[in-house]
Amino acid sequence: MEENLYFAYGSNINLEQMEQRCPDAQVVGPVTLKNYELRFRGYGFATIAPKRGSVVHGLLWKLTPACEQALDRYEGYPRHYIKEVVKVQTADGSKIPVMAYIMAEPMCRTPAMPSPEYYHTIRQGLVANRIPADSLKEAWNRAIDEVRAGKQDRSKPKKRTNRRDQER
């Protein structure tokens, strides 16, 4: 059975939620994604975007094909989130390529506040897995500032390679 490694940075860090969505998924452990930042976009959901010098803390999962299909449905793949390969760093310093869901265009351009419940779901997952919550708090504060300022990302979108296209 083929298994894929998946980088979770939002509500899929929460062990109880992943148990419901993907009971056969296995926690590998905490990892970091360098030169990315956590953002709240679209309807207030988490995504990641490249940003030099920033770090996103997350949890690495081993997914069965059935688990990945369940997450595809939950994440609204490919309409709301697309899949990209990113390189995360493990506790021992190894850098490994893994799959991550990243919010699709145009929703990824619009800052939005997460619901308190969604924010706390992520925070609970971070605490339970002993993962620093710095990037979560920074994303919350940045979303407040961006929403108040009416900011919208206007940078030219980079051409994203959908993982499904890579496999063809």
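Tyr6 and Tyr101 are both buried, and this pair of residues offers a convenient way into the structure, which is a predicted model. The ring centres of Tyr6 and Tyr101 lie 5.5 Å apart with the planes at 75 degrees, and since planes over 60 degrees apart count as edge-to-face, the pair falls into that class. Tyr6 belongs to strand β1, residues 4-8, whereas Tyr101 belongs to strand β5, residues 95-103, so the pair links distant parts of the chain, 95 residues apart.

A second ring pair joins Phe45 and Tyr118, whose centres are 5.1 Å apart and whose planes meet at 85 degrees, so that this pair, too, is edge-to-face. Here again distant parts of the chain are linked, with Phe45 in strand β3 (residues 45-63) and Tyr118 in helix α3 (residues 116-128), 73 residues apart. The two partners are covered to unlike degrees: Tyr118 has a relative accessible area of 12% and is buried, because the limit for that class is under 20%, while Phe45, at 36% relative accessibility, counts as partly exposed. Ring pairs also bring in Phe40, which forms a cluster with Phe45 and Tyr118. In total, five aromatic pairs are counted in the model.

From these pairs one can step back to the chain that carries them. It contains five helices and five strands, arranged along the sequence in the pattern β-α-β-β-α-β-β-α-α-α. The radius of gyration is 15 Å, close to the 15 Å that the globule rule gives for 168 residues, so the chain is as compact as a globular protein of that length. Along its principal axes, the C-alpha trace spans about 50 × 40 × 30 Å. Of the 168 residues, 50% count as buried, and among the contacts between residues at least 6 apart in sequence, 73% join residues at least 24 apart. The accessible surface comes to about 9,400 Å², with 49% of that area belonging to carbon and sulfur atoms. As for charge, the chain has 27 positive and 20 negative side chains, and the centres of these two sets are separated by 7 Å.

Another place where separate parts of the sequence meet is found around Cys22, which sits in the loop between α1 (15-21) and β2 (26-41). With a relative accessibility of 1%, Cys22 counts as buried, since the class takes in residues under 20%. Once the neighbours within four places in sequence are left aside, Cys22 is in contact with Cys67, Ala70 and Leu71. These three residues are among the buried members of helix α2, residues 65-75, a set that also includes Glu68, Asp72 and Glu75. The C-alpha atoms of Cys22 and Gln69, which are 47 residues apart along the chain, are separated by 9.3 Å.

Following the chain out of α2, the reader comes to several features of the backbone. The helix is followed by Gly76, which has a positive phi near 70 degrees. A cis peptide bond then joins Tyr77 and Pro78, with omega at about 5 degrees, and Pro78 lies in the loop between α2 and β4 (81-89). A further cis peptide bond runs from Glu105 to Pro106, where omega is near -5 degrees; Pro106 is placed in the loop between β5 and α3.

Positive phi values also occur at residues other than glycine. Asn35 has a phi near 65 degrees and is located within strand β2, where its relative accessibility of 38% makes it partly exposed, because that value falls between the 20% and 50% limits. Arg130, likewise not a glycine, has a positive phi of about 55 degrees and occupies the loop between α3 and α4 (134-149). With a relative accessible area of 79%, Arg130 is exposed, because the limit for that class is over 50%.

Technical notes
Residues numbered from 1 in each chain as written. Predicted model: local features only at pLDDT ≥ 70, side-chain atom pairs only at ≥ 80, totals over all residues. Heavy atoms only, no water. Helix = DSSP H or I, 4+ residues; strand = E, 2+ residues; numbered from the N terminus. Rg over C-alpha atoms; globule rule 2.2 N^0.38 Å. Buried < 20%, exposed > 50% of the residue type's maximum accessible area, 1.4 Å probe, protein only. Contact = heavy atoms within 4.5 Å. Areas by Shrake-Rupley, 256 points an atom, 1.4 Å probe, with all protein chains shown as cover. Lys, Arg positive; Asp, Glu negative; His and termini not counted. Charge placed at Lys NZ, Arg CZ, Asp CG, Glu CD. Phe/Tyr/Trp six-rings, centres within 6.5 Å; stacked < 30°, edge-to-face > 60°.
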